[in-house]
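Trainee: Could we go through this model together? I would like to know how each label is earned.
Mentor: Gladly; have a look at it first.

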Amino acid sequence: MGPLRLEARKKMNKTTLVSPPSLARAGKKSLVVAKRSARLDQWLVWLASHLILIFFTIVVVYPVIWMFLASFKSNGEVVSNVWGLPTTLHWENYTSAWQTAQLGYALLNSVIVSVGTVIVVTALAAAAAFAFAKLRFRYATFLFLIFIFTMQAPVPVIPLYVMLVKLGLTNSRLGLILPMVAGGLPLAIFIFRAFFQSLPSELLDAAKVDGCTDFVAFLRIVLPISGPAIATVTILQFVGAWNEYFLALILVRSPEMRTIPLAIQVFFYAWGRTEWQQVFAALSVASLPMIILYMIMQRQFIQGLTAGSVKG
Amino acid sequence: MSTAIPRQVRRRNLTPYLWVLPALLFYIVFKLLPMIVGLYLTLIQWDGIEPPKFVGLQNFQRILTDEVIPLALLNNVKYAVGTVIGKMILALFLALILNQALRGRSIYRTTLFMPVVMSFVVVGILWSWLYNGQFGLLNNLLHKLKLDFLILDWLGDTKVALWSLVVVDIWKWYGFHMVIFLAGLQTISQELYEAARIDGAARWQQFTKITLPLLQPVMLVNVTLSLMGAFNVFDIPYVMTEGGPANSTLVMALHIYISGFKFYKFGYAAALSYVLLTLVTVMAAVQMRFMSRESLS
Amino acid sequence: MSTQKLSRREFLRVGALAGVGLTLVACAPAPGAAPQAGNAPAAAGGGNGPYEGKFVIMSAGNAEQNAPLIKGIEEAHPGVKVEWRGLTSERYTELFTASEVAGDQIDIMDLNGQDLRRYAVGNKLVDLSDIDYKDRFREVGLQTYTVKGKLWALPRGGISGFPFLYNKKLLDQIGVSKEPETYTDLLQMAPELKKIGAAPVVHAGKNIYLWPIWQFFAYAQTSKNDPVEQTFKVLSGQTKFTDADHVAGLEILGKYASDGLFIDGVNSLDGDSAWIAFSQGKAAFWYNHSSQVGTYRKGTFPELDMSLMPPLRSVEDATVKRMLPGGTGSATCIYAKIAPERLDVARKILDLMTNDQWVKWANDLNKDPVSTNKNVEASTDELAIKYAKECADNQFTYLDWYWPPEITRAFQENQQALVAGTKKPDEAATSIQKVLDDLYKDGYKFEA
C-alpha cells in the first residue's frame, strides 16, 4: 500500500483530476466552509473510488494469478500450501498436462477453427454488407432484416446436430466452422454495414468514373480503409470461436479433433485424477494465448466486443 | 446512397444479389434450415438408431407432464434474477466510478474486462476449485478471516449451489456490461449535469433524473443480453455441477442436452429446444417493449 | 462492365452452382457416408489376405494407459493401425451413439459392464456364443455377459467390486484395533473420529454412478441378500421401488446422512476430491472401487494406511450377509455392423485381448483381486488377497447393469436429495418409480 498512499498525497494536491459534482451543495453555505467540505468530499470520493476499484481488480485478477502459481506447485502443495508461492517450479506439470490432455492438437484445432471462422465470416459479411450499404436492389431491406431478426435466436441444438450428422460433418473442423460462421454472420454484417454507410458515396462514384467495377472498387478502395470495422469483426468472432464449447461437445468425438475448451474439460473429467496441479497447468496453457493477445490489443478487444451491443 | 449508375438503366440488375448470396446461403443452410427442419423432429420419436416413429404432438404433451421442467424453469428464473440484477448493479456502479477523471482508469477497465475473453470451461473449472468445500480458496480465506460461520459447501449444498454459479457468471461478465454502461455514460453531455448543479440538484438526484433516464437505451441492451444469456445458460452448470446436487442447478439447456445426448430422446429434446426458443424470444420481446415504453414515459 | 449486369437466367445458374459447390464442400470430409447405413466399407484389403488399415476400439479406458496393449495388438497384426478411442465410462453411451448415428467406423467395443445389456438387447453386438476358447474364462464372467441365452461379450480384466476402504491409521489413533462390522460400531467411533478432525465416511456423491452403488450394498441387506432377483421383479413390473425393502435401503442412506457420518459437502465430491480427503486422513472410511488399491500403491501417502472390508452391516438382522456389488472386468465385444472384411481380424484381436498374457497385464495394472481368466493368478497384493478372501464370495452384479440409464440417474438425483435432507426416503422412492413408469409408457420392456 506504500506507493498507493504516495499517489494519494499527490492526488490531493491536484484535486482537479476529480470532477467535483459535490460543489453543487456549496450554494447555501459560506464560501470557506463550502470549499473545505468540498475538498474533503472530493478526497473521500477519490479514496472510495480507488478502494472499490482495487477491490474488484483483485477479485478478478487474483484467481487467475493463483491458477498460474498453482500450476507450478507439487501435488501435495496445491492442497497444503494454498496461499504461498510454489517452493520449487514444477515445470513437469506442464509437460505431462501437455501430453495427457493432448494440448498440442487442441491448440492447433482451436487456431484452425477460430482463424477459419474469422476469415470466412469477415469475407462473406463484408461483401454482403457492402451490397446492403452501397448497392441498390429490390429486396435489400428484406434480406437484411432476415439476418437481423433471427440474429439472437439460438439454433435448436438437436436439429442442427442431426443435420450435421446427415451431412457427414461430425468430428471434423469444417463441421465446427460452418455453423459458427452462420452464427457470426448477422452481427458482422450489421457492423460492416454501419461502417460502410458512413463512407462517403463520392469515393465510389469517383472510382466508377475511372471505370472500376464495384468489385474492384470494393477491393481497392473500400477494404483498405475499413480497418476498424475489420478489427472489430475479427476480434468479436475470434473470441467467440476460441471459447466455443457446446458445438465441440456434441460434434467432436476423437481426441485429435478436440478444441481447447473440450480438451480441457475432458482432461478435467477423465485424467485430472488427483493431479490438480496438472489441471491448473492445462488451464494456464488454455487461457494464456488469449490473455496475452488481450493484453496486447486490449483497446481493440474492448471496442470490438462491445461494438455490436452499443450500436444495437 | 445515390450510387450513380452511368449509362445503365436500373433494370433487373441482379449483381447485388451475388454479393449477398454467399452469406445468405451459409445462413440459410446452417441456421435457418436447422430451425425449420427441426420442427419435423419434434413430431417423431427417435433414438438416433432405430427408424423414427411419427408420434404427432406427443412430445409436446410429454413436456406438460415432465416433472423436471418446472424445476428447471424455476432454476432459470432464479439464475436470471441473480445474474441480471447482480450484473446491472455492479456494472453500473463501477461504470459510474470509472466515468470520473480518475488516474489509472484505463488499467482498471482493462483488468475488469479480462474474464470476458476467458473460456467458460476454464472459468468453470477454476471456480470449482475455488469453491471446493474441503480445500478451496474461498473457504480457506473465510477461515483465515475468522468468518467460519460463512463456510459453506458452495457447490454441494442444494440451497447454495445455484447461487454459487450465479456469482461465477457475474464474475465473468460484469466487466463487459460495465464497458457498455461506460460507453453510454460518455454520451451524456456534461452540460446537463452543470445545469442540474446550478439548479441545486444533489448527486443522487442527478443520478435518478439525468443519468438513469439517459442510460435507458444502454440499459435495455444490457438487460436483454444478460436475460437471454441466463435462459440459454449451459456451459457453467454443465462444467461445474452437471445439474446437481439433486437437480438444484438443472437448467433448461442442460435438461435438453441430457434428454437428447444421454437418453437419446432426440424428438423430445427437439421439442424442448423449440419451447425454450419460443419462451426466450417472447420474453425478450416483452421485456424490450416494456422497457422502451418505460423510457418514453 | 458486363459483370455489372446479369440476366436472371445467369443469376440462377450461378446461384445453383454455388449451392452445389457448398454442398460438395460440406460433404467433403465423409465422401459417400450414408449415416443410417453405418457400415460404409472403406475400400481396403479386398478378398484375400489379412486386413490392413485402421481398426477402431471404443473403450471406456484411456489410450495412454492401454498403450502396451495397443502395441501388442499392432505387433501381432502387422498393417493394422489401432485407433483407441478412450470415451470414459461417463460419456461412453453418449459418444458411442453419436459415432453410430454418424456412421463412423467402429470395430471392437470395450465397455463398462453396465452398458452391455443395452447394446445386447438393442442388437448392437455380434453373437460370440461360438468361440472355442470359453474354457479360459471363469464361469461367472461368461454368465454375466450372457443375455437372452447368448454370449455377447468376453470378460476382460479382474473380478472386483466396491468394498469399504478404510484408513487404519485413523482407527489406531482413536484406539480401535478391531475392524468394525456394523453400523452401530461405526456410530460409536464417530465422535472420536470427529475429535481428531476426521469425518467418519467420505463418498464421491457427485459422480452419477456412485450413490446408486451405495444403494446396491444397502439393498442387498434389506432384500435379505437377494438384490438381483428382487430387482428383476421391479423391472418387470411385479413389484415396485416404493415397496418396503427398497425404501428400507434408502433409509439406510438417510440414516448415515442424518447421523452426520458423511464428510461435509459429500454431494459435491467427485472421485478425485474424495480421494484427496481420504488419502489426507480427513475421513476414516471411503466407499469406493477396489482398483483404488492400485492408485494407493503407486504413490506415497503418509497420512494413509489403507485397508478394505465388506460393507458394514447396516440392518438389525445379524444373519444378513455383508454383500457387495461388483463386476467382472470390462465387457469386450464386437460391433454388430462391423465391415465384413474386418470381422475376422476383430475376432482375432478379441482373442488376443482376453488371453492369459494380456489379462494378467490388465490385472496387474489395477491390482485386481481375482482374474476373469481361470489360469491367471491375480494380483498378489495383500489387499487384493484380503478382498479375494473376505469379499469375493459375497459379490453380486451391479444392479445398474440390468436397468436403463434413466433409472441410475433417478437414483442419483433422489439420493442426493435424501442426503441433503430435502426428500424423505419414501418420497425419493416415489420419484424413482415414476421414472420407471414413464419408461414403460415409452415402450421399455425388461428382458431377463
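Mentor: Keep in mind that this is a predicted model. Let us begin in chain C, where 4 strands make up an open sheet with mixed pairing, in the order S8-S9-S7-S10.

Trainee: What makes S8 and S10 of chain C edge strands?

Mentor: Strand S8 (199-202) and strand S10 (306-309) of chain C each have a single partner strand, so one side of each is left without a neighbour in the sheet. On average, and ignoring direction, neighbouring strands of this sheet are turned by 25° against each other.

Trainee: How do you know that S8(C) and S9(C) pair?

Mentor: Pairing needs at least two bridges. S8(C) and strand S9 (residues 283-287) of chain C are joined by 3 bridges, so they count as a pair, and they run parallel. Within this pair, Val201(C) stands opposite Phe285(C) of S9(C).

Trainee: Which stretches belong to the domains of chain C?

Mentor: Domain 1 of chain C covers 53-158 + 328-382, and domain 2 covers 161-326 + 396-441. Their centres, taken over C-alpha atoms, are separated by 29 Å.

Trainee: How do you know that these two domains of chain C are in contact?

Mentor: Residues count as in contact when their C-beta atoms lie within 7 Å. By that test, 13 residues of domain 1 of chain C are in contact with 13 residues of domain 2 of chain C. On the domain 1 side, helix H4 (116-121) and helix H14 (356-366) of chain C are the elements that give two or more residues. H4(C) gives the most, with 3 residues. By class, that side of domain 1 has 3 nonpolar, 5 polar and 5 charged residues.

Trainee: What describes the packing of H5(A) with H8(A)?

Mentor: Two packed helices are described by the angle between their axes and the distance between the axes. Helix H5 (residues 103-134) and helix H8 (residues 173-197) of chain A pack at an angle of about 40°, and their axes are 6 Å apart. The crossing of H5(A) past H8(A) is right-handed. Residues in this contact divide into 21 nonpolar, 6 polar and 3 charged.

Trainee: And how many residues does each chain bring to the contact of chain A with chain B?

Mentor: There are 81 residues from chain A and 81 residues from chain B. Helix H2 (residues 31-70) of chain A supplies the largest share of the chain A side, 10 residues. By class, the chain A side has 61 nonpolar, 16 polar and 4 charged residues.

Note on methods:
Residues numbered from 1 in each chain as written. Chains lettered and ligands numbered in written order. Predicted model: local features only at pLDDT ≥ 70, side-chain atom pairs only at ≥ 80, totals over all residues. Axes fitted to C-alpha atoms, helices over the stretch in contact; angles between N-to-C directions. Left-handed = near helix turned anticlockwise from the far one by under 90°. Nonpolar A, V, L, I, M, F, W, Y, C, P; charged D, E, K, R; others polar. Domains from an automatic or database assignment.
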